[in-house]
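User: I would like to learn how to read a structure like this one. Can we go through it feature by feature?

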Amino acid sequence: MNYRVVLTASAAALAIGLCGHASAQNVPAETQAQPEILVTGSRIKAPNLTSTSPLLSLSDKDVAVRGTTNIENLLNTLPQVSASNSSAQSTFGTPGIATVNLRNLGPARTQVMIDGRRLMPGDPVAPYADLNFIPAALISSVEVLTGGASTAYGSDAVAGVVNFKMKRNLKGFLVDYQFSADQHDNNNAAAQQKLRDFGVKVPGNKFDGFTHNATIAFGANTADGRGNITAYVGYRHTDPVGDADRDFAACNYGTTTVSQPFDTHACSGSSTSAYGRFRTGGTGSGLAANPNGTASFVPYTGSLAYNSAETVYLQRADERYTAGAFAHYAFSPAFEAYADVMFMDDTNRAQLAPGGIVSSSTYTINCDNPLLTAAQAGQLCGANAGRAGSSWSGTIGKRVVVPGRERYYSIRHTDYRLLGGAKGQLGGGWSYDAYVQYGIVDYHNTATNDISVSRVQDALQVRNVNGTASCISGNAGCAPLNIFQLGQISTAAADYIFASGSQNGTVTQTVLSGTINGDLGRMGLQSPLAQHPISLAIGGEYRRDSVSLQVSPNFLSGDLAGFGIVSPTSGSTHVAEAFVETLIPLASDRPLLHDLSLDLAYRYSHYNFAGGASTYKATLSYAPSRDVMFRGGYNRAVRAPNVQELFAATSRSTVSVTDSCAGNAPTASLAQCANTGVTAAQYGRIADCTSNFCSALVGGNLALKPETADTFTAGMVLTPRSIPGLSLSLDYYDIKVNNLIGTVPAALAFSQCLTNGSPFYCSFIKRDATGSLATTGGYIVNTNVNTGFLHTAGLDVAAAYRLDLDRLGARHLGALALSMNGTWNRKQQVSPLPGQPSYDCAGLYGPTCGVPTPTWRHNARLSWETPWQATLSLSWRYIGSSTVDINAGNPAFSGVTAGAKDLADARIAAYSYFDLAASVPVMRRFTLRMGVTNLFDKDSPLLDSNNLGVASQYGNANTFPGLYDVLGRTLFAGLTAKF
């Protein structure tokens, strides 16, 4: 008898990915007559193939019952997945694509595939696969391999693989429509009090975030039954939701001191204020336009800060069109041709706070500017007030709030994927499969209604010409800019200083791949103790990736105040590879040797920039009986630098860092600040980074070398015949990524320099002449380098039990199915450079560790499978507690607060979400599904996002979207019709 492991039917009923390990099912001897199996993570096709690595499987029912059309939302609920970019996430600068992040090793280290063939990069700025491209209604199943798979699939599969298997043999029509909406009771009393204290309107209860998704698919077999074509079209529309629509997000939280350091959250705003903030030389508290509207200045205070959450989207507006077709036709057993054509056009729009004149630039105002009153000129220019040829120089923070001038950026991705191939039998137990694949993404990013730095400067230089205030430059269109009194910005001045910019580019991928599969039994290569011969797969692959990004002149020069410098990118990489894999059945159907198999593989890759690299694996499965299997092995994986990491031009951007040496009352001592380059004369006079986003130098590096990763797994699967319907699996994993490609975290570089004066870390800190880190002359170096290592380890636990209620005497009532999938994170260790101190982020979150990595997460689900083909289910999503890294006692973290504790953000409590869902057949051809997620409308944890930057990486709205539900309870209803 052959041995495979597959979880019972209860796992297939599991919504939210509650584990369907493709590894434990008893298979009868007739398997030899069944089609060969291809398991994700292996190139071998064999009737007795087993996954020797942890493998999760989600069915199309899991996708439907979850009620989401955003695939990343489904994957993010898996304990093995950490929150990453979401197409709906509205954080400034996020690329508008949806990515998956296995084991919190980053989306660059997770390979996404469609039917075992890689999905092309989805964005020239963030070259990771875009899950938006996957039509949810056409998903047959999703397999998630959580372990290195570079030997099978090449670069990027360091953390694992997500393989989407599509429905390719439809017959007739399939029509699917789903509607969902978010409902939230804004009843957080503590959050509402903070809003009142800051003068922000408290929102009422909301019913919003409407999403419509429709798919029409059609499939037909050829007349002779040897082929099929399946085609589909789809449309999705998502309404935006604003931060102001949720009481916990309607202002940005800062952490302040009441009785102890950093012990209280309060609403805080941006010093780029509607009243302006004028600071001579960029230092001091500065002056602001009088809130009473008179033409006078008052001292700037925090009470005048601008609530930048007022107009920001919590969920972006999104519109997506998809279309495609899958076709295959078998001309003979030796030749079956197949082809895929897939298309997507997705546009999402993120609305931001109104454009502003920001303090990263220095401006001059002539002291005889007629828009200044005599008193104002005296406050700015002193004795030079009114004197021609004299000027004031300093920084200005001014929010330019003009109705109809909302600032937003719109990102459009238009994707095409074309594939053609052939497969067939070669005779003698051998087969082949070869294909060519081409993918291209056209990218358009338009930033609208930002502020032109150069035009602001032009419009601030004003003189009287025949009694009329006029621009000194005389440039066409220039109109005097009056930012010294509220409500005095003219339409002409607004027209002149508002500006838009664009980024346009493409990213392409070409793949040529071929594999020959067969068994060596006819050559006599078979263990005398095994039922099946040795199986072999050999092949080769060529892949070329290219990127091209062009930017408008104002992006290139850094003239858009809200974006900094964005440089063009251009380049390509290619790799040629050869691989071999063999499955060696050593013994089967023997006493205490029901199955013993060894899987070996090797791949050699030669990259045009990174050179040669080898990957290999050795895994073993041992089943002493049909009730239990042990599995484990070793994988060496490789990730070569991608096109963006190599070719991104050096430019200026921003990073989330709290400069504890800035402001009138720095939280760090002079001695500490001196480590970062601050002089005694600068101390207490340094301009703050705007909203704690300091300037950064970013860019690619052609000298990058490939990462290498070592993955060890060991586990067991139990399917005891004495307890029918029960499955249990335990898998330990240990993944260490060396020679890491990335950047030294800016918060870490700053904290280590501040507290330890480390020459290595201090080399990243570049202050300008005033000591600021918020200008083009003051920044933190954040370019790509090969750094240290990432090391994660833990245990995956999955269980499923299906109980036929007839066994309890409840006849004709169907069955109960209980499933659970959990992960214990033992280690999430990071070393910035070899030889440098490491830190462990397991159980932590914060400015350095980013998204919470709780030590325990699980999903559990109880389903009632009725005899009337209806299914009712209750799901429990559990996210363990996390503590802020600042308080962890590791000096790598403490520089953010100059060694003080962050009491307000000290701990995120454990979270439990409950979901209800039902699927009901109607009139034979229809299936109605409905449900509600986050049944009890539980608020997300509320964290600092403005002062200490605790909720920074993938953060928004004072929390972490993707990991926690931020919109409230979501209600959905869908209908599928088949004809």
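Analyst: Start with burial. A residue is called buried when its relative accessible area is under 20%, exposed when over 50%, and partly exposed in between. Keep in mind that this is a predicted model. Here, buried residues make up 60% of the 979 residues in the protein chain.

User: What radius of gyration does the protein chain have, and what would a compact globule have?

Analyst: The rule for a globule is 2.2 Å times the number of residues to the power 0.38. For 979 residues, that puts a compact globule near 30 Å. The protein chain has 30 Å, so the two agree. Its C-alpha trace spans about 100 × 60 × 55 Å along the principal axes.

User: Which secondary structure elements does the protein chain hold?

Analyst: The count comes to 14 helices and 54 strands. Sequence separation of contacts adds to this picture. Take contacts between residues at least 6 apart in sequence: 73% of them join residues at least 24 apart.

User: Take one helix. Is helix 12 mostly covered or mostly open?

Analyst: Count its buried residues. Helix 12 covers residues 746-756, and nine of its eleven residues are buried, so by the under 20% cut-off it is mostly covered. Among them are Leu748, Phe750, Cys753 and Leu754. Polar residues appear in the buried set too, including Ser751 and Gln752. Just after the helix, Gly757 takes a positive phi of about 65°.

User: Now a single side chain. Why does Gln183 count as buried?

Analyst: Compare its accessibility with the cut-off. Buried means under 20%. Gln183 counts as buried because its relative accessibility is 16%. Gln183 sits in strand 10, residues 172-184.

User: Which side chains make polar contacts with the side chain of Gln183?

Analyst: One is the side chain of Asp185, at 2.8 Å. Another is the side chain of Arg969, at 2.4 Å. Leaving out residues up to four places away in sequence, Gln183 touches Lys206, Phe207, Asp937, Leu967, Gly968, Arg969 and Leu971.

User: And the surface? What does the protein chain expose?

Analyst: It exposes about 34,100 Å², and carbon and sulfur atoms supply 58% of that. Next, look for nonpolar patches. Residues in a patch need over 30% relative accessible area. One nonpolar patch of about 560 Å² is made by Leu426, Ile516, Ile538, Val580, Tyr602, Tyr604 and Tyr616.

User: Where does Val580 lie, and how accessible is Val580?

Analyst: Val580 lies in strand 32, residues 569-590. With a relative accessible area of 34%, Val580 is partly exposed.

Definitions and conventions: Residues are numbered from 1 along each chain as its sequence is written. This is a predicted model: local features need pLDDT of at least 70, side-chain atom pairs count only at pLDDT 80 or more; totals for chains, interfaces and linings use all residues. Side-chain values use heavy atoms; hydrogens and water are left out. Patches are made of residues with over 30% relative accessible area and no salt bridge: like charges are joined within 9 Å, nonpolar side chains (Val, Leu, Ile, Met, Phe, Trp, Tyr) within 5 Å. Accessible areas come from the Shrake-Rupley method with a 1.4 Å probe; for residues, only the protein chains shown count as cover. A salt bridge is a side-chain nitrogen of Lys or Arg within 4 Å of a carboxyl oxygen of Asp or Glu. Helices (H or I, at least four residues) and strands (E, at least two) are DSSP runs, numbered from the N terminus. Buried means under 20% relative accessible area, exposed over 50%, partly exposed in between (1.4 Å probe, protein chains only). Contact means heavy atoms within 4.5 Å. A polar contact is a pair of N or O atoms within 3.5 Å; within protein, one must be able to donate a hydrogen and the other to accept it, and residues adjacent in sequence count only if both atoms are side-chain atoms.
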